[in-house]
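Hello,

Here is the structure I promised to pass on to you. Please have a look at it first, and then read my notes below.

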Amino acid sequence: MKINGWLFVDKPEGISSRKVVDLISNSLSIKKVGHAGTLDPMASGLLPIAIGEATKTIGVIQQLKKCYKFVIKWGEKTSTDDKIGTTISSTNVRPSFEDIEKNLKQFVGKIEQIPPKFSAIKVNGKRAYRLARKKTNFSLNSRTVFIETLKIKKQIDNDHCSFECICSKGTYIRALARDLAAKLGTCGHISSLRRLKVGSFSENDAISLDYLETLAHSPANFNKLLPVEVALDGIPAMPLSGDQADRMRNGQSVPLEKEADWCCSLTLEEGGIIYTMSSGLPVAIARLQQGFICPIRVLNF
């Protein structure tokens, strides 16, 4: 059975995002499977899984904002900035609820963030977490990320506080917790982390790993498989004639018809991304260049 589309999995703690991909790939005997946005093994929550031609739209899903809830444990800094790591320093200083609220605004908007050393970022061709495990001396450059909202939800006890955050691609919640703790004159690490949303997709769209095990045996269970084009909902769509669609499937560009009804209702910019459709199916993700629609990724249905 040929399968193309998106599954949103509720990843439990204790399993890597890569392992979820492998479970789906093996159970369905499909090679083209990938995920959009890594969740650490200690984290749980919404993990978008692309199957078949949907893998060509992973980059679109990765750009969507993400919402997390997390708990910081104050007073202990760990090697990984989460509960999995070993404690490398500690303090008796505990921030008050008022101090936390007062300092949160400094972490909203565009901020500079240095990723944790235990991360998948490459350093001279090698993954940072591999170097960190070997205790290799290295440093990571800061990067600009965007925090849309950061709210304190509950002061659980003197050592723990829960938060909710909406942020951009590339944001490390572990680094956010580390830096917030330092700003408050203490140290801290993530003791719990869950992804609640990716763009407009939420926990309500998610399926469990137990559900995944039934997919290979019962095709009827694929009612949770979402079409490839759900990843393209925020992108302008351009309808193509049959001849235009054939040209684009062969990697050829087609001219932009500025007088077309669909075009007149949109504001299109040079270099802008759109997707093309024919007979109700997506044909390609494309870019507007000098009056032509140029395919970037052709979708084969």
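Two strands count as paired if DSSP finds at least two bridges between them. With that in mind, one pair to look at is in strand 18, where Pro282 is the bridge partner of Met277. Please keep in mind that this is a predicted model.

**The chain as a whole**

The protein chain has eight helices and 19 strands. Its C-alpha trace spans about 70 × 45 × 40 Å along the principal axes. There are 301 residues, and 47% of them count as buried. If you take the contacts between residues at least 6 apart in sequence, 67% join residues at least 24 apart. The accessible surface comes to about 15400 Å², and carbon and sulfur atoms account for 48% of it. As for charge, the chain carries 42 positive and 30 negative charges, and their mean positions are 8 Å apart.

**The five-stranded sheet**

The Met277 bridge belongs to the pairing of strand 17 (residues 273-278) with strand 18 (residues 281-289), which is antiparallel and runs over six bridges. These two strands form a hairpin with two residues between them, and Ser279 there takes a positive phi near 55°.

Strand 18 also pairs with strand 19, again in the antiparallel sense and over six bridges. Here Arg287 has Cys294 in strand 19 as its bridge partner. This pair is a hairpin too, with two residues between the strands, and Gln290 in the turn has a positive phi of about 50°.

Strand 19 (residues 292-298) then pairs with strand 16, antiparallel and over two bridges. In that pairing, Phe292 of strand 19 is the bridge partner of Pro255.

Put together, this gives an open sheet of five strands in the order 15-17-18-19-16, with mixed pairing. Strand 15 (237-239) and strand 16 are the edge strands, as each pairs on one side only.

**Helix 7 and the loop after it**

Two residues around here make a nice contrast. Gln244 sits in helix 7, and Asn250 is in the loop that leads from helix 7 (242-249) to strand 16 (254-255). Which of the two is buried, and which is exposed? Gln244 is buried, because its relative accessible area of 13% is under the 20% cut-off. Asn250 is exposed, because its 61% is over the 50% cut-off.

Leaving aside neighbours within four places in sequence, Gln244 is in contact with Pro239, Val254 and Glu257. The side chain of Asn250, for its part, reaches the backbone oxygen of Asp246 at 3.1 Å.

**Two separations along the chain**

Asn250 and Gly272 are 22 residues apart along the chain, and their C-alpha atoms are separated by 21 Å. Ile30 and Gly52 are also 22 residues apart, with their C-alpha atoms separated by 7.6 Å.

Ile30 lies in the loop between helix 1 (17-28) and strand 2 (33-35). Although it is a loop residue, Ile30 is buried, with a relative accessible area of 12%. Not counting residues up to four places away in sequence, Ile30 touches Ile3, Ser25 and Ile51.

**Gln113 and helix 5**

What surrounds Gln113, beyond its neighbours within four places in sequence? This residue is in strand 7 (residues 109-113), and at 1% relative accessibility Gln113 counts as buried. Its contacts are Asn141, Ser142, Arg143, Val145, Gly170, Thr171, Tyr172, Ala175, Leu176 and Asp179. A polar atom of the Gln113 side chain lies 2.9 Å from the backbone nitrogen of Tyr172.

Among those contacts are Ala175 and Leu176, which are also among the buried residues of helix 5. Helix 5 (residues 173-183) is mostly covered, with eight of its eleven residues buried. These are Ile173, Arg174, Ala175, Leu176, Ala177, Arg178, Leu180 and Ala181. After helix 5 comes Gly185, which has a positive phi near 80°.

**Where to start**

If you have time for one place, I would open the sheet and follow its strands in the order 15-17-18-19-16. After that, Gln113 with its 2.9 Å approach to the backbone nitrogen of Tyr172 is a good second stop.

Best wishes

How values were computed. Residues numbered from 1 in each chain as written. Heavy atoms only, no water. Helix = DSSP H or I, 4+ residues; strand = E, 2+ residues; numbered from the N terminus. Buried < 20%, exposed > 50% of the residue type's maximum accessible area, 1.4 Å probe, protein only. Polar contact = N/O pair within 3.5 Å; in protein donor to acceptor, adjacent residues only side chain to side chain. Contact = heavy atoms within 4.5 Å. Areas by Shrake-Rupley, 256 points an atom, 1.4 Å probe, with all protein chains shown as cover. Lys, Arg positive; Asp, Glu negative; His and termini not counted. Charge placed at Lys NZ, Arg CZ, Asp CG, Glu CD.
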